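Q: Hi! Could you walk me through this model while I have it open?

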Amino acid sequence: MKKIEAIIREEKLDIIRKALDDTGYYGMTVTEVSGRGKQGGVTLQWRVGEYHVDFLPKLKIELVVLDEDVGKILNVITNSARTGEKGDGKIFVIPVDNAVRVRTGEEGDNAI
Amino acid sequence: MVNAGDTAWLLVSAALVMLMTPGLALFYGGMVRRKNILSTMMMSIAILGLVGILWVLYGYSLSFGTDIGGFIGGFDFIGLRQVGQEPSSTYATTVPHLAYMIFQAMFAVITVALVTGSIVERMKFSALLIFSILWLTMVYCPVAHWVWGSGGWLARLGALDFAGGTVVHITAGVSALALAKLLGPRKGFGAEPMEPNNIPMVVIGAALLWFGWFGFNAGSALTAGGLASSAFVATNTSAAAAGITWMALSWIYRRPSILGMVTGAVVGLVAITPAAGFVPPLAGIPIGIVAAVISYYGMLFRMKRSIDESLDVWACHGLGGTWGALATGIFASVAVNAAGADGVIMGNAMQFVKQLAAVGAVWGFAFLATFGLGKLVDITVGLRVSKTEETVGLDISQHGERAYGGVLR
């Protein structure tokens with residue numbers, strides 16, 4: 001089992017969700033996050049003068065998948081999240097020891 | 001003789017001016033960081049209560065009681081003695097004395113509340129209450145007497161102040177600067193940006209101020225008629241002109257800012273305050289435009305000097321009030337108000353000198369007296385919260401409350 005953590009643009013969520021749905025992955029957890037990277041920040045203003053905000057709003061998608069699906073899912077997310085501009089985000093793949101479905105108590109691959 | 005129309009208008013005006021203080025709480029509350037919203041709003045609301053009591057007990061008497069040497073009112077109206085349903089023989093003689101008294105009460109309330117914009121996010125609440133009592137007594141009441149009290153020395157000099165350019169805005173703005181100097185900057189000031197937590201709240205606050213200001217200025221006619229209407233139109237015109245001017249300034253440097261536009265509107269309202277019932281309504285346009293430009297660059301100057309006069313009470317009210325007082329000496333005309341005077345444009349340059357004298361006297365007195373009172377509070381109870389309390393935020397450390405609850409407890 002692997003956990004896929006993808007930091008994405010807010011406006012890309014719907015496209016990614018549909019694409020994952022088509023691949024057979026329905027479940028995911030989404031968090032609103034703030035991050036900084038090559039995209040840089042944005043300059044805002046007070047009553048007079050201005051200040052810089054480094055952290056921009058992004059979304060973090062988390063889903064745990066079977067080992068053999070990792071490559072396919074990375075492709076799906078990358079293709080649907082990409083604009084080609086700085087700020088498209090990053091994807092991390094993390095090993096997972098175990099998973100438990102709370103309702104039934106099933107463990108391991110059966111729980112995802 | 002009590003006039004029903006005048007009384008109705010003055011009572012409504014008093015209620016309008018009352019609404020300005022909660023409006024100010026929203027205006028200021030939206031501009032601080034989210035950990036200090038309640039503390040900032042509480043400063044205004046607490047003063048609404050505090051001054052509401054002190055004014056009927058002795059504030060009105062010190063301001064409007066029988067003159068003592070041109071400097072302060074006597075004790076004849078203490079506890080509203082002689083202030084009843086019959087009109088005063090001196091002030092607003094067509095409305096019950098009580099109506100005039102409560103109208104004036106709302107002015108005292110908002111003036112004390114205005115000062116708090118300079119010391120948000122770091123002043124101890126208990127110290128603020130003590131300071132507010134002293135400041136109302138030793139600064140507001142005397143200056144109100146000088147300018148509006150029968151026999152007050154600035155009134156006798158012939159300085160014009162229709163609704164409080166000197167009494168309200170210069171005293172509040174200059175005192176705010178003195179108190180901020182005494183208190184020192186917020187932790188992290190200049191090193192980290194201190195972002196407004198809720199600009200929509202600032203906009204609602206400014207809208208309530210604009211609305212209430214019709215009571216403030218048009219109500220100061222003390223009668224319901226032509227003069228009130230003239231002051232009403234001048235007020236709206238100046239607010240509109242200054243708001244648009246500030247919007248344009250922000251657009252030149254960056255983007256058309258709504259925080260900037262509503263700030264400009266408030267500055268326009270400040271500047272027209274002393275002039276509203278003495279100048280032709282269209283004078284609101286130049287008065288508003290110049291007010292916005294002066295305040296804008298005043299704010300930049302304040303920031304360059306690294307003074308943490310946090311919400312720019314000095315730049316908005318001190319400078320706006322000063323320009324308004326001087327502009328009264330330029331644009332005033334007896335054709336608008338026979339009880340007023342002609343200004344520079346009508347060929348009476350002397351009026352400008354009188355206005356300048358009033359401005360200088362109130363600036364000097366407000367700064368020195370506030371500095372002295374602030375120092376007194378500092379050495380007795382201390383002006384500032386502790387470093388830890390400041391880091392945690394005053395909502396929790398001073399009031400034991402937070403603005404927004406959540407699911408995590």
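A: Happy to, starting with strand β6 (residues 90–95) of chain A: of its six residues the number buried is zero, so the strand lies largely in the open. Buried here means 20 or more other C-beta atoms within 10 Å of the residue's own, exposed means 12 or fewer, and partly exposed is in between, with C-beta atoms placed from the backbone. Helices (H or I, at least four residues) and strands (E, at least two) are DSSP runs, numbered from the N terminus.

Q: Before we go on, what sort of model is this?
A: This is a predicted model, where local features need pLDDT of at least 70, side-chain atom pairs count only at pLDDT 80 or more, and totals for chains, interfaces and linings use all residues. Residues are numbered from 1 along each chain as its sequence is written, while chains are lettered from A and ligands numbered from 1 in the order in which they are written.

Q: Thanks! Which strand pairs with β6(A)?
A: Strand β1 (residues 2–8) of chain A does, in the antiparallel sense over six bridges; pairing takes at least two bridges found by DSSP between the strands. A:K2, for one, has A:P95 of β6(A) as its bridge partner.

Q: Switching to chain B, where does B:V143 sit, and is it buried or exposed?
A: B:V143 is in helix α4 (residues 125–148) of chain B. It counts as buried because it has 29 C-beta neighbours inside 10 Å.

Q: What does B:V143 touch further along the sequence?
A: Leaving out residues up to four places away in sequence, B:V143 touches B:T166, B:V167, B:T171, B:V362 and B:F365. Contact means C-beta atoms, placed from the backbone, within 7 Å. B:V362 is 219 residues away along the chain, yet the two C-alpha atoms are separated by 7.2 Å.

Q: And how does α4(B) cross helix α6 (residues 165–183) of chain B?
A: The crossing is right-handed, meaning that the near helix is turned clockwise from the far one by less than a right angle (anticlockwise would be left-handed). Residues making the contact include B:W135 and B:V143 of α4(B) and B:T166 and B:S175 of α6(B).

Q: One more: is α11(B) buried or in the open?
A: All 19 of the 19 residues of α11(B) are buried, so this helix is largely enclosed by the rest of the structure.

How values were computed: Two residues are in contact if their C-beta atoms, placed from the backbone, lie within 7 Å.
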